[in-house]
There are 2 protein chains.
Amino acid sequence: MSQIRHALNVKREDDFAKWYQEVIAAADLAEESGVRGCMVIKPWGYGIWERVQRLMDDRIKAAGISNAYFPLFIPLANFTREAEHVEGFAKEMAVVTHHRLIADGKGGLIPDPDAKLEEPLVVRPTSETIIGDAMARWVQSWRDLPLMLNQWANVVRWEMRTRMFLRTSEFLWQEGHTAHENREDALSETHRALEMYRACAEEDLALPVIAGEKPENERFPGAVETWSIEAMMQDGKALQAGTSHYLGTNFAHAAGIQYQDREGAQQYCHTTSWGTSTRLIGGVIMTHGDDDGLRVPPRIAPHQVVILPMLRDRPEDGALLDYCEALRAELAAQWAMGEPVRVLLDKSPGKASAKRWDWVRKGAPVILEVGPRDMEGGKVAMLRRDAVWNMETGKPAMHFVARGEFTASAAALLEEIQRGLFEEARTRRDANITRGLASWDEVRSFFASNGKYPGWVEVEWAKPTGAALDAVVEKLKGEKLTIRNVPKDAQPPEGACLFTGDRAVERILVARAY
Amino acid sequence: MSQIRHALNVKREDDFAKWYQEVIAAADLAEESGVRGCMVIKPWGYGIWERVQRLMDDRIKAAGISNAYFPLFIPLANFTREAEHVEGFAKEMAVVTHHRLIADGKGGLIPDPDAKLEEPLVVRPTSETIIGDAMARWVQSWRDLPLMLNQWANVVRWEMRTRMFLRTSEFLWQEGHTAHENREDALSETHRALEMYRACAEEDLALPVIAGEKPENERFPGAVETWSIEAMMQDGKALQAGTSHYLGTNFAHAAGIQYQDREGAQQYCHTTSWGTSTRLIGGVIMTHGDDDGLRVPPRIAPHQVVILPMLRDRPEDGALLDYCEALRAELAAQWAMGEPVRVLLDKSPGKASAKRWDWVRKGAPVILEVGPRDMEGGKVAMLRRDAVWNMETGKPAMHFVARGEFTASAAALLEEIQRGLFEEARTRRDANITRGLASWDEVRSFFASNGKYPGWVEVEWAKPTGAALDAVVEKLKGEKLTIRNVPKDAQPPEGACLFTGDRAVERILVARAY
């Protein structure tokens with residue numbers, strides 16, 4: 001078996017964090033902006049985000065939820081009236097204090113002391129409080145409920161240690177906000193949103209996830225229940241990929257969201273909120289990337305098929321381009337997974353062989369190379385991104401396929417790649433969840449002795465609260481572990497709580513996390 | 001002829017500004033947020049913006065331009081290095097000075113004095129300088145050019161007097177930014193973007209516009225040439241609906257955007273930028289609104305056909321809903337103007353007759369009412385939003401049409417409404433451009449004597465510069481007039497400059513403006 005020369009310098013198994021940075025650069029996804037904590041999302045990275053947005057937005061609209069837009073700036077007073085929320089959030093936020101600049105007399109600019117705001121404004125870290133104000137205006141009667149809104153927006157949480165896509169001061173997200181007549185309806189929406197996230201993660205992004213409830217200590221500030229989907233990265237760490245909160249009447253009390261019920265009495269609404277962000281792209285990288293760069297699942301690939309004509313600055317190039325253009329048009333007329341196939345004819349300068357590796361690093365699902373001989377033979381040379389190497393020869397696994405045959409099978413091929421990426425990730429995830437550890441010592445020694453990428457453990461606990469829970473959290477923290485969630489679909493518990501020895505009431509996932 | 005009782009309280013001819021506010025409220029487009037200068041864009045208003053975005057984005061992508069995302073915050077230093085730009089912009093901007101809040105000891109919050117930023121950050125008023133930084137990193141050689149980027153984002157310009165959609169402190173827009181090898185390529189892109197805006201305004205939003213160059217005094221800060229599209233509102237005022245700038249090498253010098261040319265020499269890029277915003281929605285309101293509310297052109301209507309079942313809380317409602325659902329599905333399977341027909345079956349509580357007027361005020365292009373008798377007769381009662389009234393009876397002009405006949409003609413009907421709104425606006429616009437005024441006195445008395453809505457005048461001038469131009473601008477300002485642009489397609493001048501008496505070199509549009 002031949003040695004394979006991978007397209008990246010760093011291998012996942014050698015230094016996962018460094019590999020992550022290299023994929024982002026090599027796949028041209030994003031870069032540091034020079035502005036503290038803010039990144040630039042480059043066209044290929046943003047194109048993936050646009051696909052995620054489109055697919056998520058279709059699901060949001062199909063659920064009868066309307067998009068709307070609320071202010072970037074939130075008055076300070078909004079944060080002080082919901083006690084738990086301010087406790088959780090009123091820390092690291094960007095604060096606008098002035099509305100004008102003036103020259104400093106030394107060639108620079110300073111905030112104008114005469115243009116200080118009476119009340120500083122906070123750049124939104126999330127929009128519960130400002131959307132709550134609007135809900136209070138819009139809801140009068142039970143006839144106005146449910147009120148179901150979503151916003152696509154940028155938010156800012158001042159972060160000291162940032163990592164591209166995973167934790168940046170500014171990030172892009174969608175935030176759903178709904179108001180209901182009662183607990184039951186609001187909880188049902190909380191779970192609908194969670195299931196929507198699961199479906200989008202698994203079907204669109206090919207990210208297998210486990211949906212479950214967060215323990216008390218991990219709740220969103222002001223929430224009564226917080227649910228999440230958790231994905232396993234290739235280093236065995238967990239990534240929280242989306243959250244859905246049942247807020248009870250906490251925010252309704254703070255903002256005065258009341259309605260007249262069917263009997264004429266005034267009631268407070270039960271509200272929910274739920275969000276996913278550009279963090280999902282980080283999850284895609286760390287789940288599907290390999291030592292050659294990114295592999296983008298076809299459903300979220302901006303280009304699913306890239307055609308590279310082998311141009312040579314000769315007169316014959318014209319005919320070759322015509323051939324490739326005809327191929328492009330044929331492919332674009334095919335449908336895969338409910339949409340027209342997205343195909344790019346890449347005519348940019350440079351050799352096809354070099355550009356092949358650019359597209360491998362970027363993770364385009366299928367790369368076609370077409371030279372004069374392929375044209376004469378009515379063929380294409382096809383490289384699947386999910387199977388770049390011929391393991392026997394150590395060379396790229398190019399397949400020579402008749403043009404018509406390729407076109408006819410393109411949709412099935414893309415579906416196969418999408419399914420394959422999901423199955424690969426799910427198999428790996430399932431193989432790396434360890435069950436049956438019966439004591440805290442076993443858990444600790446498991447994480448200590450299982451190398452760099454130990455995965456997750458599923459253990460049973462008695463669901464302690466208050467100080468008892470704090471003690472558990474501290475214990476876990478000592479091993480850099482956290483409780484990810486209480487899986488919805490876990491088996492019922494059978495034994496004793498790992499921490500207290502009491503009878504266990506549920507199972508929890510414990511892991512290191514991003 | 002009967003008296004018509006319009007759906008709004010204020011008529012356009014009585015108080016246009018007040019009418020504008022009433023349409024925004026009655027059509028449920030937006031409202032004041034309580035945060036200074038920021039509005040809430042409500043679902044129907046945002047749905048229209050989403051349609052504008054989608055159609056504009058398709059045009060942007062078709063031109064080979066990639067979307068990307070750049071930071072919300074811009075360091076102060078970026079503004080000081082391009083002298084003209086800072087002069088034009090470094091005035092009313094939101095400035096972030098702190099990154100943390102702390103309790104003030106009185107139950108409130110204040111910016112933490114210990115968390116003051118070393119260098120304040122400006123909330124982007126536009127992104128030339130920060131995107132210029134990225135371009136400087138990304139461009140090395142002529143092979144990297146043209147570099148063509150677009151961003152969909154929120155921007156903030158602190159405004160003292162705000163008006164919803166037309167002038168708000170925060171607004172939503174797209175900003176295109178491109179870099180080229182030379183002046184010719186950059187100018188050609190400036191004009192491509194301008195033409196794209198014209199086509200989108202006219203074909204999608206049904207807004208007739210005049211494309212032309214802005215005079216020197218109206219140029220974007222730092223631009224060499226600024227071009228605009230100008231639309232006429234129903235009060236005869238002009239609305240600048242989009243701008244496209246050729247920036248020369250000004251921003252390239254400031255940010256260091258250099259490339260190695262085909263001969264190996266270092267050159268500065270020639271750059272462009274171009275933008276359109278949520279202001280376009282203001283233009284749609286003031287162009288297509290009438291005394292019954294908004295009329296949304298079908299191409300940008302979130303729902304093109306709204307079906308209102310006449311429900312009566314009786315068992316027969318089930319059959320009626322089935323009939324309406326079947327009709328909805330039939331209509332949704334039709335295509336109009338290249339897309340599936342967007343149809344809503346409105347099952348919300350309330351009487352169909354009341355909901356009819358809600359949808360008239362919102363401006364849905366076609367409203368169908370279906371009662372039990374219509375169902376039995378296989379008919380629908382159809383109301384066209386562009387012809388709500390039967391002028392002879394003064395009653396709503398309901399048309400009873402066989403269901404199959406309506407479905408078969410729905411696409412043609414929507415196209416007819418789209419074309420009709422454009423033609424109506426163009427006819428009105430053309431009738432309100434006055435030519436042939438030969439002296440400044442004639443212009444002044446024209447605007448003084450032509451009532452509230454005098455429209456525009458097209459006059460000839462010698463294109464003065466510097467102090468001579470300033471004098472013209474001052475003269476116009478005295479009559480609340482501005483030069484809108486030098487129309488691309490105007491006739492060549494024939495006479496003398498209106499202001500200087502010299503031989504005229506071009507024609508300009510003079511108008512009051514938003």
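A salt bridge here is a side-chain nitrogen of Lys or Arg within 4 Å of a carboxyl oxygen of Asp or Glu. With that in hand, let's work through some exercises on this predicted model.

**Exercise 1.** Find how many salt bridges link chain A and chain B, and check one of them against the cut-off.

*Solution.* Start with the count: between chain A and chain B there are six salt bridges. Now take one pair, Lys61(A) and Glu50(B), whose side chains meet with N to O at 3.1 Å. The cut-off is 4 Å, so this Lys and Glu pair qualifies as a salt bridge. Next, look at polar contacts, where the rule finds 30 residue pairs across the interface of chain A and chain B, both residues at pLDDT 80 or more. Helix H2 (residues 43-62) of chain A gives the most to the side that touches chain B, with six residues. Finally, sort the residues on that side of chain A: 39 are nonpolar, ten polar and 14 charged.

**Exercise 2.** Work out how much area chain A and chain B bury between them, and which three residues of chain A supply the most.

*Solution.* First, the contact takes 63 residues from chain A and 63 residues from chain B. Together the chains bury about 5,200 Å², with 66% of it on carbon and sulfur atoms. The three residues to pick out are Tyr69(A), Leu101(A) and Leu109(A), which supply 13% of the area that chain A buries against chain B.

**Exercise 3.** Describe how the two copies are related.

*Solution.* Lay chain A on chain B: a turn of 180° with a shift of 0.0 Å along the axis does it, at an RMSD of 0.0 Å. The copies are thus related as by a two-fold rotation axis. To locate that axis, go to Val96(A), the residue of chain A that comes closest, with its C-alpha at 2.1 Å. Then compare the two sides: 100% of the interface residues of chain A are also interface residues in chain B, so the copies meet through the same surface.

**Exercise 4.** Within chain A, characterise the contact between domain 1 and domain 3.

*Solution.* Begin with the assignment, which gives domain 1 (16-288), domain 2 (303-414) and domain 3 (433-511). The centres of domain 1 and domain 3, over C-alpha atoms, are 28 Å apart, and the contact takes 23 residues from domain 1 and 19 residues from domain 3. About 1,600 Å² is buried between these domains, carbon and sulfur atoms giving 59%. The rule finds one salt bridge across this interface. Arg484(A) forms a salt bridge with Glu230(A), the closest N and O atoms lying 2.9 Å apart. Strand E12 (225-232) of chain A gives the most to the side of domain 1 that touches domain 3, with five residues.

Note on methods. Residues numbered from 1 in each chain as written. Chains lettered and ligands numbered in written order. Predicted model: local features only at pLDDT ≥ 70, side-chain atom pairs only at ≥ 80, totals over all residues. Heavy atoms only, no water. Least-squares fit on C-alpha atoms with pLDDT ≥ 70 in both. Contact = heavy atoms within 4.5 Å. Domains from an automatic or database assignment. Buried area = accessible area lost by both parts, 1.4 Å probe. Helix = DSSP H or I, 4+ residues; strand = E, 2+ residues; numbered from the N terminus. Polar contact = N/O pair within 3.5 Å; in protein donor to acceptor, adjacent residues only side chain to side chain. Nonpolar A, V, L, I, M, F, W, Y, C, P; charged D, E, K, R; others polar.
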